[in-house]
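Reader: I am new to this structure and would like to go through some of its side-chain contacts with you. Could you show it to me before we begin?

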Amino acid sequence: DVKEFLTSLAVEKKVSASSQNQAFNALLFFFRNVLKKEFGKIDGVVRAKRKPYIPVVLSRPEIDLILSNLYYPYALVVKLLYGCGLRLSECMKLRISNFNFDHGVLTIHDGKGKKDRTVPLPESIEDELKKHLTGVISLHETHVQKAIKRAVRKSRILKRASAHTFRHSFANHLLQANYDIRTIQYWGTAMSEQQ
């Protein structure tokens, strides 16, 4: 019965993979905690297909509009997310030692996969960063996320933009400007090894 039910969710109801997994876990909980039984190994269940994740990408005017609706220090965080292609968690862990203004680079330590990488530091925000670093304050991720959400809403942009959207937009805009992503990745790795 469990096999038939889970298969029917995928084949007939065409539910998402996460919905099918949720149904499986609910049944498992029901059997173990209510019926006090194990339903054993379940083979041959047709798995729901995962839909490919297509990241949201904002246009340059949309990014400018969102930035115009953010205030310090959140605007500076978003400029780093976009200008350096950072993840929010990477941005929140930045310390003064990550910045090399002489070489115009930013080094991210223990990024995804526990790897270090170096990215170009946008000249356009250098003065703002230096000013901020002289009076560093403690920011929490939820405050930044809420500020971005408010700015997107104020901008009346209908895309589901989040902190991570700026990272995807950064990469997409580099591609549109005919930058070779592999060259940029190589440059970042080479710079990290030099330091």
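Author: Both Arg87 and Glu90 are buried, where buried means under 20% relative accessible area, exposed over 50%, and partly exposed in between, with a 1.4 Å probe and protein chains only. This is a predicted model, in which local features need pLDDT of at least 70, side-chain atom pairs count only at pLDDT 80 or more, and totals for chains, interfaces and linings use all residues. Residues are numbered from 1 along each chain as its sequence is written, and side-chain values use heavy atoms, with hydrogens and water left out.

Reader: Which residues are joined into one network by salt bridges that share partners?

Author: A salt bridge is a side-chain nitrogen of Lys or Arg within 4 Å of a carboxyl oxygen of Asp or Glu. Arg87 and Glu90 meet in one, at 2.8 Å from N to O, and Glu90 forms another with Arg117, the closest N and O atoms being 2.8 Å apart. Through these shared partners, the network is made of Arg87, Glu90 and Arg117.

Reader: Is Arg117 buried or partly exposed?

Author: Glu90 has a relative accessible area of 7% and is therefore buried. For Arg117 the relative accessible area is 21%, so this residue counts as partly exposed.

Reader: Why is the sulfur of Cys91 in no bond with that of Cys84?

Author: A disulfide is a pair of cysteine sulfur atoms within 2.5 Å, and the structure holds zero disulfides. Cys84 holds the cysteine sulfur closest to that of Cys91, yet the two are too far apart for a bond because the distance is 8.1 Å.
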